[in-house]
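This report is for a reader meeting this structure for the first time. It goes from the overall layout to single residues.

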Amino acid sequence: LLGRQVVARRAAGDYDHRDLVSLAFLLLVAGHETTASMISLGALAVMAYAGDGVDLRAVVTDPARGPRAVEELLRYFSIADIGTGRFALTDAAIGGTPVRAGEGVIISLLAANRDPAQFPDPDRLDPDRRPVPRHVAFGYGPHQCLGQSLARAELEIVYRTLFTELPGLRLAVPLDQLPVKDDGFVYGLYELPVTW
């Protein structure tokens with residue numbers, strides 16, 4: 001993709017090194033770091049999950065149930081909660097609070113994905129949640145993540161393959177020893193030591 005951009009921009013005469021560096025950074029963070037973080041957090045959830053007698057390994061390896069589990073994992077973790085800023089185009093109300101046209105609003109995707117009005121018992125990971133969560137882990141409207149379909153496919157394939165090929169996969173360290181990455185734009189783990 002970057003190579004095509006370089007060729008196309010040179011041909012058009014508008015090559016700009018800073019723009020290409022920005023594109024490379026965007027692809028690295030949005031196209032790699034988010035998915036990598038979600039893979040590790042989802043794998044952790046599968047290995048550590050002990051809720052409601054549900055075998056999360058069986059859920060993510062089942063082609064019929066895996067996609068729904070991925071949606072719930074995306075909702076539950078909401079790894080890219082960077083306080084998205086927007087400006088109101090018209091007067092509106094958000095949660096009963098008036099917002100006038102032109103005023104700024106900072107949106108928390110994590111808070112939206114844990115809204116009890118939308119998700120009963122929102123702090124519980126429920127791989128069989130009905131209806132399938134309409135989360136905003138990828139944003140909403142014209143600001144949705146362009147790569148969300150690819151990310152969903154990657155997550156479904158990784159979890160199904162990982163836990164089918166390595167059914168004995170388990171944490172190699174206690175849960176409280178995992179180094180959590182909460183100091184950047186994307187939430188996740190610095191490492192996930194496993195054994196099988």
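A crossing of two helices is called left-handed if the near helix is turned anticlockwise from the far one by less than a right angle, and right-handed if it is turned clockwise. By that rule, helix H4 passes helix H6 in a right-handed crossing. The model is a predicted one.

**Overall layout**

The protein has 196 residues, of which 31% count as buried. Its C-alpha trace spans about 55 × 50 × 35 Å along the principal axes. The secondary structure amounts to six helices and eight strands. Read from the N terminus, the order of elements is α-α-α-α-β-β-β-β-α-α-β-β-β-β.

**Helices H4 and H6**

H4 covers residues 66-77 and H6 covers residues 148-165; the two pack at an angle of about 115 degrees, and their axes are 10 Å apart. Because angles of 65 to 115 degrees count as roughly perpendicular, H4 is roughly perpendicular to H6.

**Salt bridges**

The structure holds 10 salt bridges. Three of them are listed here.

| Pair | Closest N to O distance |
|---|---|
| Asp128 and Arg68 | 3.5 Å |
| Glu72 and Arg75 | 2.9 Å |
| Arg114 and Asp123 | 2.8 Å |

The pair of Asp128 and Arg68 links distant parts of the chain: Asp128 is in the loop between H5 and H6, Arg68 is in helix H4, and 60 residues separate them. Asp128 counts as partly exposed, because its relative accessibility is 24%. Arg68, at a relative accessible area of 14%, is buried. Both residues also belong to a network of salt bridges that links Arg65, Arg68 and Asp128.

Helix H4 also holds both partners of another bridge: Glu72 and Arg75 lie three residues apart, about one turn of the helix. Are these two charged residues buried or exposed? Glu72 has a relative accessible area of 0% and is therefore buried. Arg75 counts as buried too, since its relative accessibility is 0%.

In the bridge between Arg114 and Asp123, Arg114 is partly exposed at 22% relative accessibility. Asp123, at 53% relative accessibility, counts as exposed.

**Backbone details**

Which peptide bond is cis, with omega near -10 degrees? That bond runs from Arg130 to Pro131. Pro131 is in the loop between helix H5 (109-113) and H6.

Asp121 is found in the loop between H5 and H6. Its phi is near 55 degrees, a positive value in a residue other than glycine. Asp121 counts as partly exposed, because its relative accessibility is 45%.

Ser78 likewise has a positive phi, near 40 degrees, and is a residue other than glycine. Ser78 sits in the loop between H4 and strand E1 (84-87). With a relative accessibility of 5%, Ser78 counts as buried.

**A nonpolar patch**

Leu1, Leu2 and Leu27 make a nonpolar surface patch of about 250 Å². Leu2 lies in helix H1, which covers residues 2-12. At 35% relative accessibility, Leu2 counts as partly exposed. Residues in a patch must have over 30% relative accessible area, and the value for Leu2 is 35%.

How values were computed
Residues numbered from 1 in each chain as written. Predicted model: local features only at pLDDT ≥ 70, side-chain atom pairs only at ≥ 80, totals over all residues. Heavy atoms only, no water. Patch = residues over 30% accessible without salt bridge, like charges linked within 9 Å, V, L, I, M, F, W, Y side chains within 5 Å. Areas by Shrake-Rupley, 256 points an atom, 1.4 Å probe, with all protein chains shown as cover. Salt bridge = Lys/Arg side-chain N within 4 Å of Asp/Glu carboxyl O. Helix = DSSP H or I, 4+ residues; strand = E, 2+ residues; numbered from the N terminus. Buried < 20%, exposed > 50% of the residue type's maximum accessible area, 1.4 Å probe, protein only. Axes fitted to C-alpha atoms, helices over the stretch in contact; angles between N-to-C directions. Parallel < 35°, antiparallel > 145°, perpendicular 65-115°, else oblique.
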